Amino acid sequence: MVACSVGEQHFLKGGIAQELRTDGRKRLTYRHTYVETGVIPQANGSARVRIGGTDVIASVKAEIGRPSSLQPDKGKVAVFIDCSPTAEPTFGGRGGEELSSELALALQRCLLGGKSGAGAGINLSSLLIKEGRVCWDLYIDGLVISSDGNLLDALSAAIKAALTNTALPKVQVSAEVADDEQPEIDISDEEYQQFDTSSVPIIVTLTKVGEHYIVDATEEEESQMSLAVSISVNRAGHICGLTKRGGSGLDQSVILDMISVAKHVSETLMNKLDSKISAAEACEDES
Amino acid sequence: MMMRKIQLPFTQTQKVRYERAIERLQSLSSTVNSDASVIVTDTIPVNHEDAFLKGHGTSEVDGELLATVCGVVERVDKLVYVRTLRARYKPEVGDIVVGRVIEVAQKRWRVELNFTQDGVLMLSSMNMPDGSQRRRTSVDELNMRNIFVEHDVVCAEVRSIQHDGSLQLHARSQKYGKLEKGQLLKVDPYLVKRSKHHFHYIESLGIDLIIGCNGFIWVGEHVEVRDPVMMIDGQKDDEMISSSSSTKEQSHTPLETRQNICRIGNAIRVLSNLGFTVTVQVITETVNLSNSKNVDIHEMLCSEFHVLVAENEAERRREKRKK
């Protein structure tokens, strides 16, 4: 938790009111964002995203699993977030658990849609190998290395980049098998198939500080926030999820206003992120 | 000479330009001390015939003296030690520091200074707000929160370092005290060199800049140092109160001043990223560079401007050497 004196608080809020934040940004400008992919060789896909002082890593690990009996035609995805004590000493021990589970839940909602699997950012059917028998289990792990606010946006961007980086090996399933037996599978070492991430949403968090709301709040700004609304938007401009933090209430018209602003912001952010991801992928191929 | 790896994504041309600038900086830096910088497990050359004393950051392994930390080898008579870079602040008496109050305790404030312990500012080593000189009473002690509360940013001077390593501060002048209307930046303490002046009033921009020796840098709106004699005058005292209440209402810093504060703040961030010494000359030069190149305040943090600053610094040092 960052400390902020009364004088600094006034300065910070005044800056937001005047459209000039402490690092020279406007209210709806993101900090400089850097993307690196393929940072963890053991994972099927991984990415590291830095937004200003916030630094996160996401990795995707795929395992062969069995679809649940309720949804035999879909694969499974699980999201876990870990807040490293290097980011903040209070994250040590069990201190970061609350934040970790809150972030994981928000991401799960935004990426996986409802219980029925409707509205999912990740196409779960594409993870199926043989109906009711074999499917891919994706384990998405996020790690917060250094925290300077806006963790949710950074994590969603990292997950999108990691999924783009993910290559799943081609799997051959032996055709004839008895009903109650697990079929034999053959995982190819050479043939890989890229994961389709065009529909994976990104999250834009609007943080209300004083009278105005801003995107990409730093930790100092977050310490002064009254509430924050995280809106996940996909490439088509559709809202995939919405979560709100913070105690104070919001007027209905303000929420609608925020959604349209988030949509607008996400468009430029998505384009920037896509070009950065493809540049990072090209860079990785070179080295 | 070592240069820490910069964590910025450069394009190919930017990378080449940056490396060339750093190379030029290295060739310009004095060659006397160039072999003195060590990393962990480097051998420190010593004359084994002469007696020498192992200091901090050194260890003898198989008859060889090795460095256990990264830094610069220093030799004082027989003592050989490694002065670490990127460590916490090492105070010296008389240093001007900027810190943050973290606790109001009995007769003292505890101040965070990026030192191994918290600094201690005694109530008795503060000037009274009204400028009078007397013993502090228990009433004064109860009113300590009228002076500083938790989280306040304060500026003070190092008075003494106790035998147990704790740090005493004092603020016996009008120029010390609470800092408001601005932002606090933190850089590595080794980037700040001790000099005659740590308080700077940049008149053309209307900015106060306080470069604390502990690496905390305050950039804020300029405030006139109030003369304590004026405060004794009753009539003027009332005026002061009325004016201070009116300034509280219009707490908004003028936009132009704010732009200058942000620009200076970002200049310091860039210099700290590059690992360049932070002095007022370099800061103003960086600000001027950004103005002349028409770089937007936020764009100062992108890689292109970092390269520009590195090239500019190489050029500046070359010119300085020529003279």
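Analyst: Two strands count as paired when DSSP finds at least two bridges between them. The model discussed here is predicted.

User: Which residue stands opposite B:Ile202 in S15(B)?

Analyst: Start with the strands. S14(B) pairs with S15(B), residues 207–211, in the antiparallel sense over four bridges. At least two bridges are needed for pairing. Opposite B:Ile202, in S15(B), is B:Ile207.

User: Which strands of chain B stand at the edges of the sheet, each with a single partner strand?

Analyst: The sheet is open, with four strands in the order S13-S16-S15-S14 (chain B) and antiparallel pairing. Each edge strand has a single partner, so one side of it has no neighbour in the sheet. From one strand to the next, the twist averages 15°. The edge strands are S13 (182–186) and S14 (199–202) of chain B.

User: What angle does the direction of helix H6 of chain B make with that of S16(B)?

Analyst: H6 spans residues 255–274 of chain B and packs on the sheet. H6(B) touches S13, S14, S15 and S16 (216–221) of chain B. With the direction of S16(B), its own direction makes about 165°.

User: Is A:Ser84 buried or exposed?

Analyst: A:Ser84 is found in the loop between S4 (76–83) and H2 (97–112) of chain A. Its relative accessibility is 12%. The cut-off for buried is under 20%, so A:Ser84 counts as buried.

User: How many Å apart in space are A:Ser84 and A:Val144, C-alpha to C-alpha?

Analyst: Leaving aside neighbours within four places in sequence, A:Ser84 contacts A:Phe91, A:Leu143 and A:Val144. A:Ser84 and A:Val144 are 60 residues apart in sequence. Their C-alpha separation in space is 5.7 Å.

User: Which side chain does a polar contact of 2.6 Å join to that of A:Ser84?

Analyst: A:Ser84 lies in the loop between S4 and H2 of chain A. The 2.6 Å polar contact runs from its side chain to that of A:Thr86.

User: What distance does H2(A) reach from its first C-alpha to its last?

Analyst: H2(A) has 16 residues. At 1.5 Å a residue, 22 Å is expected. The reach is close to that, at 21 Å.

User: Which elements of chain A are included in what covers the buried residues of H2(A)?

Analyst: The buried residues of H2(A) include A:Leu103, A:Leu107 and A:Cys110. Just after the helix, A:Gly113 takes a positive phi of about 70°. The cover on the buried residues includes, in chain A, S4, H3 (151–165), S9 (202–209), S11 (227–233) and S12 (239–245).

Conventions. Residues are numbered from 1 along each chain as its sequence is written. Chains are lettered from A and ligands numbered from 1 in the order in which they are written. This is a predicted model: local features need pLDDT of at least 70, side-chain atom pairs count only at pLDDT 80 or more; totals for chains, interfaces and linings use all residues. Side-chain values use heavy atoms; hydrogens and water are left out. Helices (H or I, at least four residues) and strands (E, at least two) are DSSP runs, numbered from the N terminus. Axes are lines fitted to C-alpha atoms, for helices over the stretch in contact, and angles run from 0 to 180 degrees between N-to-C directions. Contact means heavy atoms within 4.5 Å. Buried means under 20% relative accessible area, exposed over 50%, partly exposed in between (1.4 Å probe, protein chains only). A polar contact is a pair of N or O atoms within 3.5 Å; within protein, one must be able to donate a hydrogen and the other to accept it, and residues adjacent in sequence count only if both atoms are side-chain atoms. The expected span of a helix is 1.5 Å times one less than its number of residues.
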